[in-house]
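This report covers the packing of a protein model and its metal site. The structure is shown first, and the description follows.

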Amino acid sequence: MTQFWKAAAPGSRFPVNVELIAETVSASRFPSDRIKAIKGGAIPDFDGALYPIDDPRNGWAIIYNKTDVSLERQRFTIAHEFGHYLAHRHLLPNGVECDEKVVTQRSGKGIEKEADEFAASLLMPFDDFKARIPADAKPSLDDLGAAAEHYGVSLTATALRWLEYTERRAVFMVSRDGGARWAKSSEPAFKSGRFFRTVRETYMLPEASCAVNGNFDDMGRASATHPPGVWFPEETEEFCICSKKHDLTLTILHLPKSFRWLGPAEPVEPDTFDRFMSGGR
Ligand SMILES: [Zn+2]
């Protein structure tokens with residue numbers, strides 16, 4: 001993967017120029033069925049698509065939604081479709097249309113999961129990310145925000161990428177009106193029973209949480225260290241940012257590093273476990 005950006009954009013690694021890389025790599029490696037167009041527009045039902053131009057032998061087009069979608073999310077979508085092109089186009093003679101949830105929450109399975117993983121590695125390679133935020137570091141929202149800017153991706157995409165390798169116990173949550181829309185735990189957090197069920201039920205955030213009753217500053221940020229019993233039966237550090245534009249609150253929970261594993265308080269539901277193992281929860 002890293003050879004792609006090296007070949008396509010020497011000297012200017014980040015933010016990765018996704019469109020240039022997709023066009024350059026496809027033209028140099030697969031000239032007979034290269035990517036001929038990458039176009040944004042108003043697409044009502046999905047975030048991105050990869051289509052053959054009449055026939056796969058004529059080349060391919062990447063289409064992405066631009067309406068109410070940030071430039072950062074558009075870049076992730078293009079990278080996701082480029083992943084489909086590289087790995088799956090022979091399986092998809094009629095192309096593929098990709099759901100918004102799959103791309104923003106990285107909750108897809110099979111080829112969707114593969115395309116998401118490709119996009120994340122192209123835009124935010126682990127070697128660079130770990131040099132910025134080491135695996136044992138406890139980043140604030142500012143640290144993750146700086147990484148998001150460096151990579152030209154959304155704060156959500158950045159947090160999800162960091163959760164993939166952090167050695168710390170941490171949880172990322174997206175909520176609205178005090179109810180969790182979805183959440184994802186780092187593996188160490190999940191293994192110590194620190195995760196939320198958000199698929200079949202709505203988890204209501206604690207009244208004492210910053211996300212619900214925080215003292216938000218002018219930047220829409222709030223943080224606090226909560227005693228055991230607020231979020232979990234142990235002390236929890238909470239950082240959150242409220243986006244009025246999107247009517248969403250993003251929360252990062254940091255749990256203490258030292259923790260004696262006593263097993264989950266309740267059995268893990270199969271759907272939660274399956275989703276965790278598939279990379280999205
Ligand atoms: Zn897809």
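In this predicted model, the largest nonpolar core has 51 residues. Those with the most contacts inside this core are Phe76, Phe82, Leu123, Met124, Phe129, Trp162 and Phe172. Helix H8 (residues 155–165) supplies the largest share of the core, seven residues. Domain 1 (2–123) and domain 2 (137–277) both give residues to this core, so the core lies between them.

Met124 can be followed in detail. Apart from neighbours within four places in sequence, Met124 is in contact with Phe76, Phe129, Tyr151, Val153, Ala157, Thr158 and Arg161. There is also a second, separate core of 16 residues, with Met173, Ala183, Phe196 and Leu255 among its members.

The zinc site comes next. The protein donors of the zinc ion lie 1.9 to 2.1 Å from the ion, and they are listed here.

| Donor residue | Donor atom | Distance range for the set |
|---|---|---|
| His80 | NE2 | 1.9 to 2.1 Å |
| His84 | NE2 | 1.9 to 2.1 Å |
| Cys98 | SG | 1.9 to 2.1 Å |
| Glu112 | OE | 1.9 to 2.1 Å |

Why is the arrangement around the zinc ion tetrahedral? The four donor atoms subtend angles of 94 to 128 degrees, and all angles need to lie between 85 and 135 degrees for four donors to count as tetrahedral.

Along the sequence, the donor residues follow the spacing H-x3-H-x13-C-x13-E. His84 belongs to helix H3 (residues 71–88) and Cys98 to strand S4 (residues 96–98); this pair, 14 residues apart, links distant parts of the chain. Both His84 and Cys98 are buried.

Definitions and conventions
Residues numbered from 1 in each chain as written. Predicted model: local features only at pLDDT ≥ 70, side-chain atom pairs only at ≥ 80, totals over all residues. Heavy atoms only, no water. Core = buried A, V, L, I, M, F, W, Y, C linked by side-chain atoms within 4.5 Å. Buried < 20%, exposed > 50% of the residue type's maximum accessible area, 1.4 Å probe, protein only. Helix = DSSP H or I, 4+ residues; strand = E, 2+ residues; numbered from the N terminus. Domains from an automatic or database assignment. Contact = heavy atoms within 4.5 Å. Donors = N, O, S within 2.8 Å, 3.2 Å for Na, K, Ca; no water. Tetrahedral: all angles 85-135°; square planar, octahedral: opposite > 155°, others 65-115°.
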